[in-house]
Amino acid sequence: MLPEVMQAVTGKSLTSSAGILRNYARRRLRGRVYPGILKCAHQSVHGRVYHAVDRHSLALLDSFEGDEYRRIRVNVRIAEGKRTVAYAYVIRSCYVKLLTVDDWDIEAFTKNDLKLYLAKFNV
């Protein structure tokens with residue numbers, strides 16, 4: 001979701017748009033600073049849709065997300081009600097038990113954890 005993390009993972013500054021993924025929720029993961037999303041009726045996830053992501057960058061993102069997530073195609077609403085198809089990394093069912101009932105707080109992550117999180121990429 002964060003451009004700083006996307007650049008750290010892919011080594012690229014990709015253009016993006018704000019997007020809303022309907023019928024999904026973003027939750028905190030126990031003992032971790034990053035979130036997971038899962039299908040959840042009547043919920044929405046606000047995030048970023050990155051444009052022109054090449055195959056190499058997708059492979060890097062797949063590796064970064066690891067076994068806990070699977071990449072799926074989703075319909076996302078972007079600017080002015082337009083829709084587009086994008087990829088999202090959704091928590092695998094065998095890892096759902098790691099999710100809390102709490103929504104993930106991006107502001108808290110950005111303020112408290114982002115700098116240390118990016119340090120593992122030597123950024």
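## Nonpolar cores

In this predicted model, the largest nonpolar core has 20 residues, and Leu2, Val5, Phe109 and Leu114 touch the most other members. Two or more residues of this core come from each of helix 1 (3-10), helix 2 (55-65), strand 4 (83-91), helix 3 (106-112) and helix 4 (114-119). Helix 1 gives the largest share, with 4 residues. The contacts of Leu2, leaving out residues up to four places away in sequence, are with Tyr50, Ile106, Phe109, Thr110 and Leu114.

Separate from this core is a second one of 12 residues. Among its members are Tyr24, Val45, Ile78 and Val90.

## Helix 1 and its packing against helix 2

The buried residues of helix 1 include Val5, Met6, Ala8, Val9 and Thr10. The packing partners of the buried residues in this helix are strand 2 (35-50), helix 2 and helix 4. Just after helix 1, the backbone at Gly11 has a positive phi of about 75°.

Two packed helices are described by the angle between their axes and the distance between the axes. For helix 1 and helix 2, the axes come within 9 Å and cross at roughly 105°. Angles of 65 to 115 degrees count as roughly perpendicular, and helix 1 is therefore roughly perpendicular to helix 2. On the helix 1 side, the contact is made by Val5, Met6, Val9 and Thr10. On the helix 2 side, Ser57, Leu60, Leu61 and Phe64 take part. Classified by residue type, the contact of helix 1 with helix 2 has 6 nonpolar residues, 2 polar residues and no charged residues.

## Cysteines

The count of disulfides is 0. Cys40 is in no disulfide, and the nearest cysteine sulfur, that of Cys94, lies 19 Å away. A disulfide requires cysteine sulfur atoms within 2.5 Å, so the 19 Å separation leaves Cys40 outside any such pair. Cys94 is likewise in no disulfide, its nearest cysteine sulfur being that of Cys40.

Both cysteines are partly exposed. The relative accessible area is 22% for Cys40 and 46% for Cys94.

## Positive phi at Asn23 and His42

Asn23 is placed in strand 1 (residues 16-29). The phi of this residue is near 65°, a positive value in a residue other than glycine. With a relative accessible area of 37%, Asn23 is partly exposed. Leaving aside neighbours within four places in sequence, Asn23 is in contact with Leu38, Lys39, Cys40, Ala41, His42 and Gln43. One of these residues, Lys39, is 16 residues from Asn23 in sequence, and the two are 5.9 Å apart in space, C-alpha to C-alpha.

His42, which appears among the contacts of Asn23, is found in strand 2. The phi of His42 is positive, about 65°, although the residue is not a glycine. His42 has a relative accessibility of 74% and counts as exposed.

## Trp104 in the loop before helix 3

Trp104 occupies the loop between strand 5 (99-103) and helix 3. The relative accessibility of Trp104 is 13%. Buried means under 20% relative accessible area, so Trp104 counts as buried. Apart from neighbours within four places in sequence, the residues in contact with Trp104 are Arg26, Arg27, Arg28, Val33, Tyr34, Pro35 and Phe109. Phe109 is also one of the residues that touch the most other members of the largest nonpolar core.

Trp104 and His42 are 62 residues apart along the chain, with their C-alpha atoms separated by 17 Å.

## Leu98 in the loop after strand 4

Leu98 is located in the loop between strand 4 and strand 5. At 22% relative accessibility, Leu98 counts as partly exposed. Not counting residues up to four places away in sequence, Leu98 touches Arg28, Leu29, Arg30, Arg32 and Glu68. Arg28 is also among the contacts of Trp104.

Leu98 and Gly31 are 67 residues apart along the chain, and their C-alpha atoms are separated by 8.7 Å.

How values were computed
Residues numbered from 1 in each chain as written. Predicted model: local features only at pLDDT ≥ 70, side-chain atom pairs only at ≥ 80, totals over all residues. Heavy atoms only, no water. Core = buried A, V, L, I, M, F, W, Y, C linked by side-chain atoms within 4.5 Å. Buried < 20%, exposed > 50% of the residue type's maximum accessible area, 1.4 Å probe, protein only. Contact = heavy atoms within 4.5 Å. Axes fitted to C-alpha atoms, helices over the stretch in contact; angles between N-to-C directions. Parallel < 35°, antiparallel > 145°, perpendicular 65-115°, else oblique. Nonpolar A, V, L, I, M, F, W, Y, C, P; charged D, E, K, R; others polar.
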